[in-house]
Amino acid sequence: MEEARVLVLSNKVVGGGSSSFVPRHHRVSTTCHWKYRDGVWALRKPLLGVSLSFLPLAKKGCNKKSFVEKLKSKMADYEGKAAAGDMVFETILEDGVFRFDCSTSDRDLAHPSFSFLNSKVRDTPIQVHKVPSYIPKFECLLGQQIVKLELPIGTSLYGTGEVSGQLERTGKRVFTWNTDAWGYGPGTTSLYQSHPWVLAVLPTGEALGILADTTRRCEIDLRKESTIQFVAPSSYPVITFGPFASPNAVLMSLSHAIGTVFMPPKWSLGYQQCRWSYDSEKRVLEITRKFREKDIPCDVVWMDIDYMDSFRCFTFDKKRFPDPKSLVKDLHQSGFKAIWMLDPGIKQEDGYFVYDSGSKEDVWIQKADGKPFTGEVWPGPCVFPDYTQAKVRLWWANLVKDFVSNGVDGIWNDMNEPAIFKTVTKTMPESNIHRGDEEIGGCQNHSHYHNVYGTLMARSTYEGMKLANKNKRPFVLTRAGFIGSQRYAATWTGDNLANWEHLHMSVSMVLQLGLSGQPLSGPDIGGFAGNTTPKLFGRWMGVGAMFPFCRGHSETGTVDHEPWAFGEECEEVCRLALKRRYRLIPHIYTLFYMAHTTGTPVASPTFFADPEDPNLRQVENSFLLGPLLVYASTVPHQEMDNLQCVLPKGIWLIFDFDDSHPDLPALYLQGGAIIPVGLPYQHVGEHNPTDDLTLIVALDENGKAKGILYEDEGDGYGFTEGEFLLTHYVAELQASIVTVRVSETEGYRKRPNRHLHVQLLLGGGAKLDAWGIDGEVLQIKMPSEEEVAQLVSASMEQYRIRLEKAKRIPDVEELPGHKGIELSKTPIELKCGDWIVKVVPWIGGRIISMIHFPSGTQWLHSRIEVNGYEEYSGTEYRSAGCTEEYKVIERNLEHAEEGESLMLEGDIGGGLVLQRLICIPKDDPKVLRINSSIIALNVGAGSGGFSRLVCLRVHPTFVLVHPTESYISFTSVDGSKHEIWPDSGEEFYEGNLLPNGEWRLVDRCLGLALVNKFEVGQVYKCLIHWGTGTVNLELWSEDRPVSKESPLKVFHEYKVISIP
């Protein structure tokens, strides 16, 4: 096969052919590396973690001549331009929106915009004679473009899309690289979606947004106060929006560029029940019947991957789902919709109609040699559609169109980062080729299109559903996405954990997505991975019922996670929470109409009520649904009746639906607002337009209020032609009379003939009720001040009694008869010096989190029952010591003389204990020290005082933030130097090849190394094992019996250093 290779060296283009090289998995570290892999030479550089890689270009696919010519042109231009300085700008889109480039020539070289709804809008200047308030600076270094925007001190930073951890992002650094991030933690730097976008709220309350308009891997560095920095391969423009008067104004302007959320069908706002998996139609019908029997609202049931025939997409298992049309018909009769999963991986199997059709149409992503790439996922070896081509999207859309004919109401696109099994990167090689259409970027390698692959798949699925029925709105849920994906799909926050930390994080994660243009999102309520508890599940349902997207989901192997699975107390809380949601659906649907038409978020942070108030900017347990404030407790032992709520300034009136409970959030309505509510239906389809409508009214300090209600058919596109009714209601107090009336209407849908119920809030939960006819003027006589005080007092007393009498969810850690690991206990946290460490004594005394505080890097993060930092008492994997319950022998908190420490002890049988001291010393706070011993406490005399044969095996599983840029380095006892890369698999080192008391896990993209020092005399063997996005750095003691006088010990420590 004819090939052309191009190498980049010192910013010049030279021809390249074959060359001898040192094997990648075993060589000495230098400043820069050329690496050869999969037929590709690439220059890898430290710190920035970039790869300038250029592919063997086959005859089939990309045009190699044009590719090389474009590359030469770009590199020649790069040599001639300034290396640093202020960026040049022009106004685009509308007043206040600026495009910045490194130079005018860079402006011409930029790839088409994928984030903009219309790429030409980004590339077309408009004539506005204004200059930006803030001008970014740039620096071009080793093929990377570094953009920095400095803002006034006191600026708060948000956005960055789907990210875990805190709401206010100062101090954080993330990387846009869509990643299958099962069991992620607060320090995980790459999740399933990429949004190279930051929303900055200035000290004045004004706001500014900045978008790095690149699809490539991009570092978003917010570690310096009030400073935003992007780092990504050259060249790309950045777009700023504002400063505008408010954060809402910025998001509305952003939506003019990237588009707004699709208008969801109304049924999709109901509760949705999912599990991996309801694996037969019998089980599906059992679940849905039980919802109706138990009077728990629900609209949707989901079918995970097990409905398929051997995981082949677009097929049904003939035994377990023999007649999907009949199943869906039964579901529809009881008010349920059915959503089915489709993954991108297509089984490579002759005779399978999807594979045969795709091969005939030449739709698969290619390797660098022009052959279809195959990667292993659920069905085994799979090929993957290249959605960057319009013909491939149409091919997929037609498959979806036919699939929908089986009664499919919605489609779930999963695994579309794309996720690949059995590879350290968790995805396909960056050298793969996409033969993209010119209008979206043309023929490029996978590194260019990786972050948009999921969005393109969701777009194809969305378009296929529209082909199937133009009179129905598609509903697509996607795991992977890019900024702008809200045009086609909803999303969820991925494979979270069933613990309190993830409950708390779910609020911020939903809000961040909304602040990044994606308002239709929610978490897996109850947690996907692990067994939840009644208290955690009930509390999560209370909060989750208020999120824009409301779905419960759990993984295989866990206990049942339906609302009735945790006892009658939890069941009642779930019932109350979901009925509350269904009452609020008229309001939530109205918010989605506004999001669809104006770009405002559905759920927004509390500080949106008063952006000038710095005290609100880090509030993470409350949020706004328009003027409705939802205030929740997300910690285990703090219920609503003992929670101190931090409210924005102004009038905020508490109310409920006579449903208050210690495990449900409190609801407040802002003074000056009116919200519409309905009846607590079992499903959205029960709604009749002539049903009673309720308006909840909170007057402001001037005695006025206003609000809107949007109504349409709940599906279809008639609303785009005026078939809707948007009603503006106003209320005003004059001379002790509150008048409620319609001030304005839009659309030509006829107003239903229905009763109007107005509830006027007085404070303390008290309210006045009045009835009338919707559309007519309704007047309410205000009681005297004394009467109001009496009503408020009586209401508060009723509220207190209601909480006292509420059946509280038992605070139990495990349910009787349920097997499995409990995830909702609270880990012990050591926080001192450079380290934040979390330990779970009750399962192997394992460390589940190691965060290096100065860098914000989470070197270790795991689920509670497996991985993390474990220790074994034998050479065999997971031998005694890693699952036993450990006792806390001693716990010392940080004080003036000492750091924090924790002493644990676990009984490993045979009179032996495994003892572990975890310490962050005060005199060396950069170090995390772990001293472990196997000690004989009670060895029988008949054994001569010696135990069985044991080995102390230290088994930490470190997370690789950047797998392709990480390696292990050490100097052996004999002086030889080693550099071990992920493709080396598993290797032992002992004798003279043993590391000489130190080895390092290096992440060149972060510019950091985790140094592990140990006593050479205690360690007899070292093991390196590379997993999928992880690496084990094991220390093994000698293998021998122990006595009271001769314990086995491994004393070692961790420290993080910067690398040059």
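**Briefing: a six-strand sheet and helix 7**

Strand 11 and strand 14 (residues 197-201) run antiparallel to each other and are joined by four bridges. Keep in mind that this is a predicted model. Two spots get a look here: the sheet those strands belong to, and the surroundings of helix 7.

**The sheet**

- Strands 11 and 14 sit at one end of an open, six-strand sheet whose order reads 7-8-18-15-14-11, with antiparallel pairing.
- At the edges you'll find strand 7 (88-91) and strand 11 (156-159), each of which pairs on one side only.
- From one strand to the next, the twist averages 25°.
- For a handle on the register between strands 11 and 14, look at Ser-156: the residue opposite it is Val-201 in strand 14.

**The helix on the sheet**

- Helix 4 (residues 247-258) packs on this sheet and touches strand 8 (97-101), strand 14, strand 15 (207-212) and strand 18 (238-244).
- The direction of helix 4 makes about 145° with that of strand 18.

**Helix 7 and its cover**

- Over in helix 7 (residues 353-361), the buried residues are Val-354, Tyr-355 and Gly-358.
- Those three share one side of helix 7, because the arc they cover around the axis is only 95°.
- Their cover includes strand 22 (346-347), strand 24 (380-383) and helix 8 (390-404).
- Right after helix 7 ends, check the backbone at Asp-362, where phi is positive at about 55°.

Methods
Residues are numbered from 1 along each chain as its sequence is written. This is a predicted model: local features need pLDDT of at least 70, side-chain atom pairs count only at pLDDT 80 or more; totals for chains, interfaces and linings use all residues. Side-chain values use heavy atoms; hydrogens and water are left out. Buried means under 20% relative accessible area, exposed over 50%, partly exposed in between (1.4 Å probe, protein chains only). The arc is that of the directions from the helix axis to the C-beta atoms. Contact means heavy atoms within 4.5 Å. Two strands pair if DSSP finds at least two bridges between them. Axes are lines fitted to C-alpha atoms, for helices over the stretch in contact, and angles run from 0 to 180 degrees between N-to-C directions.
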